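Please look through the chain shown below before reading on. The report is written for someone meeting this structure for the first time.

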Amino acid sequence: MLFRSGKLALKIRRIFRFLSIISAATSASMVLPLLWSFAEGEPDKTPLLFAILSGVAASGVLALIGRGTSLKEMNLRESILSVVLSWVTVSLVGGLPYLHCGAVSSFLDAFFEAISGFTTTGASIILDLNMVPRSVLLWRSFTQWLGGIGIIVLMLAFLPISDGGMYLYKAEVPGPVHDKMAPRMQQNALLLGRMYLMLTISLVILLSLGGLDLFDSLTLAFSTVATGGFSPYYDNVGHFNSDYVKIVVAVFFFLSGTNFTLYYLAISQRTLRPIREDPELSFYVKTLLVFGLLTSAVLYKSRIYTSVAEALGEGFFHTASTLSTCGFFISDHDTWPASARFLMLLLMFCGGCALSSSGGITCIRLQIVIRHVRDEFFRKLNPRAVLPTRLGKDVVESWVVSGCFAFFAAYMGIFSLGFLLACLFGQDLDTALFGVAATLGNIGPGYAMVESAQSYAMQPDSIKLLYIALMLCGRLEIFTLLVVFTPSFRRV
């Protein structure tokens with residue numbers, strides 16, 4: 001018994017040491033908006049300074065507890081728990097600027113805003129954005145950029161953790177399979193980070209060329225590439241009243257919903273063949289085209305928009321925004337007819353591609369489920385047929401197929417439970433339906449009482465706690481979070 005207790009204490013100390021690094025990294029990330037605060041001459045720099053000092057202090061305490069342990073010895077259970085607790089830790093530290101500058105009135109609201117940023121959900125509860133310092137608004141968008149590719153993935157690119165790092169990588173990166181771009185985990189994390197950074201820099205340059213100042217270019221680029229949806233303005237992307245900005249942003253959040261591995265393969269092999277032949281990307285593009293045309297047709301037929309060009313622009317922008325789980329909007333889409341809103345609801349469950357910054361079920365999982373169901377019809381007519389599930393020319397292994405079905409069932413189960421709880425907490429059917437779908441899919445704005453990013457502020461604390469759990473569950477792809485609460489996980 002003493003041996004087991006000592007072994008458990010060692011595991012806990014290793015986790016605390018890992019969390020100390022995460023806390024320190026979060027604090028260091030606030031240096032960028034702090035420098036912005038100095039550059040702009042903001043009179044009050046204490047929100048970010050207070051948060052940085054608090055994060056450093058917390059990091060010191062955690063490091064003291066975890067001293068003498070080696071992260072290279074982390075096993076699978078420790079890695080999974082570390083990933084879950086890391087998202088809580090960064091949100092606790094990252095929410096302090098909102099609380100200290102008066103943007104929110106309670107610690108729960110600050111935590112909600114931070115976890116919504118880091119999980120790239122984009123559901124905001126700040127009612128008056130005009131009263132928030134620009135440096136804090138920059139931090140707000142930067143949290144989405146940090147969470148888009150995954151804070152742990154960015155950290156692993158520079159922190160060698162041996163086998164434990166591979167466990168962390170698999171627990172953090174979305175998707176049923178994890179294609180390797182390089183033989184070593186650290187190299188994979190670094191290459192993912194490079195693709196992510198290239199997209200960000202490219203977007204900042206293009207937005208600057210479109211007439212946006214550096215602040216707008218940075219905040220918009222951070223949220224776009226992360227498919228997050230935070231904006232320093234109430235009217236979101238529509239604030240800029242620029243077709244150029246709308247098109248560039250739409251292209252980039254669609255690109256950010258694509259598997260980043262494809263970009264690396266296309267660049268390293270100097271050919272577009274990996275992109276042209278990828279079955280998941282093909283499904284992603286076809287989904288955009290079908291739903292974009294249907295939505296545009298509904299909007300035009302219902303006379304929401306009087307011209308075909310305007311209906312197409314609105315329809316495709318919001319379709320791409322919802323499909324990629326970005327959540328940006330350019331107009332009041334809560335006035336749309338029920339059929340158009342239903343199309344958006346379906347897209348909330350789909351999401352973008354694996355190994356991207358998108359949320360949702362992901363296209364590859366849906367593709368595998370749909371093809372396997374289709375094959376079952378053939379098996380009914382040909383009971384002796386051996387018909388493996390295929391994606392393109394490749395046969396999908398049986399464990400991947402079963403994993404996709406398990407994830408789909410778990411996702412729909414969590415959605416149903418969340419919907420039930422939201423109704424029990426007093427939400428009307430529309431608000432509960434879209435609120436749960438938007439937070440679980442890490443999309444943010446929905447319809448009804450959650451039709452815009454800021455409308456989450458009107459929800460009671462019980463609903464906010466529910467949405468926090470759903471945002472975390474969606475970002476960690478359900479199993480990484482839920483497995484922590486299983487009896488087998490608690491075995492030392």
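What follows is a short account of selected helices, charged pairs and a surface patch.

The model is a predicted one, and the values given here are computed from it.

**Two helices and their surroundings**

Helix H11 covers residues 214–225, and its 12 residues should span 16 Å at 1.5 Å a residue, which agrees with the 16 Å between its end C-alpha atoms. Because 11 of the 12 residues of H11 are buried, this helix is largely enclosed by the rest of the structure. Among the buried residues of H11 are Phe-215, Asp-216, Leu-218, Leu-220 and Phe-222. The N-terminal end of H11 is capped by Asp-213, which places a side-chain oxygen 3.3 Å from the backbone nitrogen of Phe-215. Beyond the other end, just after H11, Thr-227 adopts a positive phi of about 45 degrees.

Helix H2, made of residues 31–40, has Pro-33, Leu-34, Trp-36 and Ser-37 as its buried residues. Viewed down the axis of H2, these buried residues fall within an arc of 155 degrees, so they line one face of the helix. The exposed residues Leu-35 and Ala-39 are carried on the face of H2 that is turned away from the buried side. Just after H2, Gly-41 takes a positive phi of about 70 degrees.

**Charged pairs**

Side chains of opposite charge can pair when their charged atoms come close. The structure holds 10 salt bridges, including the three in the table below.

| Salt bridge | Closest N to O |
|---|---|
| Glu-113 and Arg-140 | 2.9 Å |
| Arg-341 and Asp-430 | 4.0 Å |
| Glu-376 and Arg-379 | 2.8 Å |

In the salt bridge between Glu-113 and Arg-140, Glu-113 belongs to helix H6 (residues 107–118) and Arg-140 to helix H7 (residues 134–149), so the pair ties together parts that are 27 residues apart in sequence. Are these two residues, Glu-113 and Arg-140, buried or exposed? Both Glu-113 and Arg-140 are buried.

Arg-341 and Asp-430 also form a salt bridge, and this pair links distant parts of the chain, with Arg-341 in helix H17 (residues 338–350) and Asp-430 in helix H20 (residues 429–440), 89 residues apart. Arg-341 counts as buried because its relative accessibility is 16%, which is under the cut-off of 20%. Asp-430, with a relative accessibility of 37%, counts as partly exposed.

Glu-376 and Arg-379, which meet in a salt bridge, both lie in helix H18 (residues 363–381), where they are three residues apart, or about one turn of the helix. Glu-376 has a relative accessibility of 34% and therefore counts as partly exposed. Elsewhere, Lys-11, Arg-14 and Glu-78 are joined into one network by salt bridges that share partners.

**A nonpolar patch on the surface**

Which residues form a nonpolar patch on the surface? The patch is formed by Leu-197, Ile-201, Ile-205, Leu-206, Leu-209 and Tyr-244, and together these residues have about 550 Å² of accessible area. Helix H10, covering residues 185–209, gives the most to this nonpolar patch, with five residues. Tyr-244, by contrast, has its place in helix H12 (residues 243–256). Because the relative accessibility of Tyr-244 is 34%, this residue counts as partly exposed.

Notes: Residues are numbered from 1 along each chain as its sequence is written. This is a predicted model: local features need pLDDT of at least 70, side-chain atom pairs count only at pLDDT 80 or more; totals for chains, interfaces and linings use all residues. Side-chain values use heavy atoms; hydrogens and water are left out. Patches are made of residues with over 30% relative accessible area and no salt bridge: like charges are joined within 9 Å, nonpolar side chains (Val, Leu, Ile, Met, Phe, Trp, Tyr) within 5 Å. Accessible areas come from the Shrake-Rupley method with a 1.4 Å probe; for residues, only the protein chains shown count as cover. A salt bridge is a side-chain nitrogen of Lys or Arg within 4 Å of a carboxyl oxygen of Asp or Glu. Helices (H or I, at least four residues) and strands (E, at least two) are DSSP runs, numbered from the N terminus. Buried means under 20% relative accessible area, exposed over 50%, partly exposed in between (1.4 Å probe, protein chains only). The expected span of a helix is 1.5 Å times one less than its number of residues. A polar contact is a pair of N or O atoms within 3.5 Å; within protein, one must be able to donate a hydrogen and the other to accept it, and residues adjacent in sequence count only if both atoms are side-chain atoms. The arc is that of the directions from the helix axis to the C-beta atoms.
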